Every structure is written in structure tokens, then in C-alpha cells.
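Biologist: Hi, I've just opened this one and I don't know my way around yet. Can you walk me through it?

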Amino acid sequence: GQAGQMVPPENTVPRGFTPYKYADDPEAAGKNLKNPLKGNFSPETMALGKRNYDIYCGICHGEAGAGDGQIQPKMPMIKSLLTDTAKGFPDGRLYHIIVRGQGVMGSYANQVYDEEARWALVNYVRNLQKQAK
């Protein structure tokens, strides 16, 4: 067969791919993952975060993050991103939730695959939290 159709050897990863270290350890992710965009609320970072939030997050978590998105009536267990718990999570924990999911929420690693975009999304959520009354 052609090279593109060959099954890769076991335990190999594509070039440029970094395996995610904290697959089943949200606590370690929260402790060890450092946000390279921490404190960056520039228009560019917010636009990148908002773009992904609007596409992937808002339908469940709502426009302002209150857990009141369009899906909420069918899935009342959807969490608000504005709770003290969510606000208290380290940035790395929010990043982990994007990558691995949490509770009924699945992973969004394939939808938001760029690391910078994931951190911009974390910062966008932080901005929603700051704006919440």
C-alpha cells in the first residue's frame, strides 16, 4: 500500500505532536500547566477566545458563561463558569477541562487543537468571570 495508508508502529506519535501529560489528573494539570498568555486580555487574544467560545462553549454554557445556553433545558446539569468553584480553578485546570472534558462534558481537544487558542479560551472565560456581577 501507499505510505499514507500504513498503520504506524505502536506507541509512535506524529511529528510535532506533544502527548498530553495530564490525561487523567486534573489536579496535576491545574498545578503544573502554566498559562503562557496569563494576564493577556488584548483584543487579539479576546477575539480568538471568543471565536472558539461562541462556536463550542456558548451553546451549553451561555453567552456570558452562566450555564444558561440553548441546550440547558435538555441538560440542566450544565455548569455555570461563574461559580466560585470555576473561578477558583487554576488556569491549567480550565485548560485541562477543554482538553479532556469533565462530568458530562466531553473533550474539545480536536475542536480547539491549537494550544494558543486553548489558552486564549481560558483567558476569555476569565474575562467573562471578571465581568460577572
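**Pockets, helices and a few residues**

Modeller: Sure, let's begin with a pocket: H5 is the top contributor to the lining of the second largest pocket, giving three residues. Keep in mind that this is a predicted model.

Biologist: What's the volume of that second largest pocket?

Modeller: The second largest pocket comes to about 450 Å³. It is lined by 16 residues, and those closest to its centre are Thr 18, Tyr 20, Tyr 95, Glu 115 and Arg 118.

Biologist: How does the lining of the second largest pocket split by class?

Modeller: There are nine nonpolar, four polar and three charged residues in the lining of the second largest pocket.

Biologist: And the largest pocket, how much space is in there?

Modeller: The largest pocket holds about 640 Å³. Its lining has 27 residues, and His 61, Lys 79, Leu 81, Ile 97 and Met 105 are the ones nearest the centre.

Biologist: Which helices supply at least two residues of that lining?

Modeller: For the largest pocket, those are H2 (43–61), H3 (84–88), H4 (91–100) and H5 (115–131). H2 gives the most, with four residues.

Biologist: How many of the residues lining the largest pocket are charged?

Modeller: Just one is charged in the lining of the largest pocket, next to 19 nonpolar and seven polar residues.

Biologist: Let's zoom out. How many helices and strands does the protein have?

Modeller: The protein has five helices and zero strands, so to speak an α-α-α-α-α run from the N terminus on.

Biologist: What does the C-alpha trace span?

Modeller: Along the principal axes, the C-alpha trace spans about 60 × 35 × 30 Å. The protein has 133 residues, and 38% of them count as buried. As for contacts between residues at least 6 apart in sequence, 58% join residues at least 24 apart.

Biologist: Back to H2. How far apart are its end C-alpha atoms?

Modeller: The ends of H2 are only 22 Å apart, although a straight helix with its 19 residues would reach 27 Å at 1.5 Å a residue. H2 also has a bend of about 55°, located at Asp 54.

Biologist: Which residues of H2 are buried?

Modeller: Among them are Met 46, Leu 48, Tyr 53, Cys 57, Cys 60 and His 61. H5 is part of what covers the buried residues of H2. And His 61 comes up again, as one of the residues nearest the centre of the largest pocket.

Biologist: What follows H2?

Modeller: Gly 62 does, and its phi is positive, near 85°. Gly 101, just after H4, takes a positive phi too, of about 80°.

Biologist: Since you mention H4, why is it called largely enclosed?

Modeller: Because nine of the 10 residues of H4 are buried, H4 is largely enclosed by the rest of the structure. The buried ones include Asp 91, Arg 93, Tyr 95, Ile 97 and Ile 98. They pack against H1 (26–32), H3 and H5.

Biologist: Okay, Ile 98. Why does it count as buried?

Modeller: Ile 98 has a relative accessibility of 10%, and buried means under 20%, so Ile 98 counts as buried. Leaving out residues up to four places away in sequence, Ile 98 touches Met 105, Ser 107, Tyr 108, Ala 109, Arg 118, Leu 121 and Val 122.

Biologist: Where is Arg 118 found?

Modeller: Arg 118 is found in H5.

Biologist: Is Arg 118 buried or exposed?

Modeller: Arg 118 is buried, with a relative accessible area of 9%. Apart from neighbours within four places in sequence, Arg 118 is in contact with Tyr 95, Ile 98, Val 99, Ala 109, Val 112 and Tyr 113. Arg 118 and Tyr 95 are also both listed among the residues closest to the centre of the second largest pocket.

Biologist: One last residue, Arg 15. Buried or exposed?

Modeller: Arg 15 counts as exposed, at 88% relative accessibility. Arg 15 lies in the segment before H1. From Arg 15 to Leu 128 it is 36 Å, C-alpha to C-alpha, and the two are 113 residues apart in sequence.

Key. Residues numbered from 1 in each chain as written. Predicted model: local features only at pLDDT ≥ 70, side-chain atom pairs only at ≥ 80, totals over all residues. Heavy atoms only, no water. 1 Å grid on protein atoms, 1.4 Å probe; cavity = no way out; pocket = protein on both sides within 12 Å on 5 of 7 lines; lining within 4 Å. Points joined across faces, edges and corners; volume = space filled by probe spheres on them. Nonpolar A, V, L, I, M, F, W, Y, C, P; charged D, E, K, R; others polar. Expected span 1.5 Å × (residues − 1). Bend = angle between axes of the 7 residues up to and from the residue. Buried < 20%, exposed > 50% of the residue type's maximum accessible area, 1.4 Å probe, protein only. Contact = heavy atoms within 4.5 Å.
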